[in-house]
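Me: Please take one part of this structure and examine it closely, setting it against the whole chain. I would like a single connected account, with the cut-offs stated where they matter.

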Amino acid sequence: MNIEPLIFECPTIKNKEKIPVIHTGRGQDISPEFLIKNLSPHAKTLAITLEDIKHPIFKAFTHWLIWNIPANEKIPGAMPHGRFIPHLGKTQQGIGYGCHKYAGPKPPKGQQHLYCFTIYALDCEIEIKCLPIKSHFIKKAKGHIIQQGSIIGEYE
């Protein structure tokens, strides 16, 4: 299946710029809002990952995984903690940074890291019965991702 580019923006995070402290572990640790520009009419759900792509030990360290967000042109910010997000249907948060919640950037003091927000549009809901981590999500989502896009931010 050919994966089409997903075009989106975040009102508070611009691509290749500094992530505002409100979205970091040194601030309020609030997940950002996203506005999708070209969502496929075939999309049923959305998923988001946030990864530290400049982590000194891991190739990419997952800070956040959320999936089964109803397909919509707006993904709300300030996601609550917990595995399930009842006000968003069957939305679930996996384990990113050890918890079922958004865990924003928090690199060691004095180190600048790069963080990648990736949004996936899928043609179905994804069920993960085992440990809800990114590798299990990607394995289940394979063949169902119809669009994908990313923005990168930096934080020190």
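Reply: Helices (H or I, at least four residues) and strands (E, at least two) are DSSP runs, numbered from the N terminus. By that rule, the protein in this predicted model has 1 helix and 10 strands, and from the N terminus on its elements run β-β-β-β-β-β-β-β-β-α-β. Residues are numbered from 1 along each chain as its sequence is written, and side-chain values use heavy atoms, with hydrogens and water left out. Because this is a predicted model, local features need pLDDT of at least 70 and side-chain atom pairs count only at pLDDT 80 or more, while totals for chains, interfaces and linings use all residues.

The part I would single out is strand β5, residues 45-52. Of its 8 residues, 8 are buried (under 20% relative accessible area with a 1.4 Å probe, protein chains only), so the strand is largely enclosed by the rest of the structure. The cover extends to both faces of β5: Thr45, Ala47, Thr49 and Glu51 are buried on one side, and Leu46, Ile48, Leu50 and Asp52 are buried on the other.

Strand β5 also has pairing partners, where pairing requires that DSSP find at least two bridges between two strands. With β6 (residues 61-70), β5 pairs in the antiparallel sense over 7 bridges, and with β9 (residues 113-122) it pairs, again in the antiparallel sense, over 8 bridges. Glu51 illustrates both pairings, since this residue stands opposite Thr62 in β6 and opposite Cys116 in β9.

Elsewhere in the protein, 3 strands form an open sheet with antiparallel pairing, in the order β2-β4-β7. Here β2 (8-9) and β7 (74-75) stand at the edges, each with a single partner strand, so one side of each is left without a neighbour in the sheet. The antiparallel strands β2 and β4 (residues 34-36) are joined by 2 bridges, and Phe8 has Ile36 in β4 as its bridge partner.

As for the whole protein, 42% of its 156 residues count as buried. Among contacts (heavy atoms within 4.5 Å) between residues at least 6 apart in sequence, 70% join residues at least 24 apart. The radius of gyration, taken over C-alpha atoms, is 15 Å, which agrees with the value near 15 Å that a compact globule of 156 residues would have, the globule rule being 2.2 Å times the number of residues to the power 0.38. Taken along the principal axes, the C-alpha atoms fill a box of roughly 45 × 30 × 30 Å.

Conventions: Buried means under 20% relative accessible area, exposed over 50%, partly exposed in between (1.4 Å probe, protein chains only).
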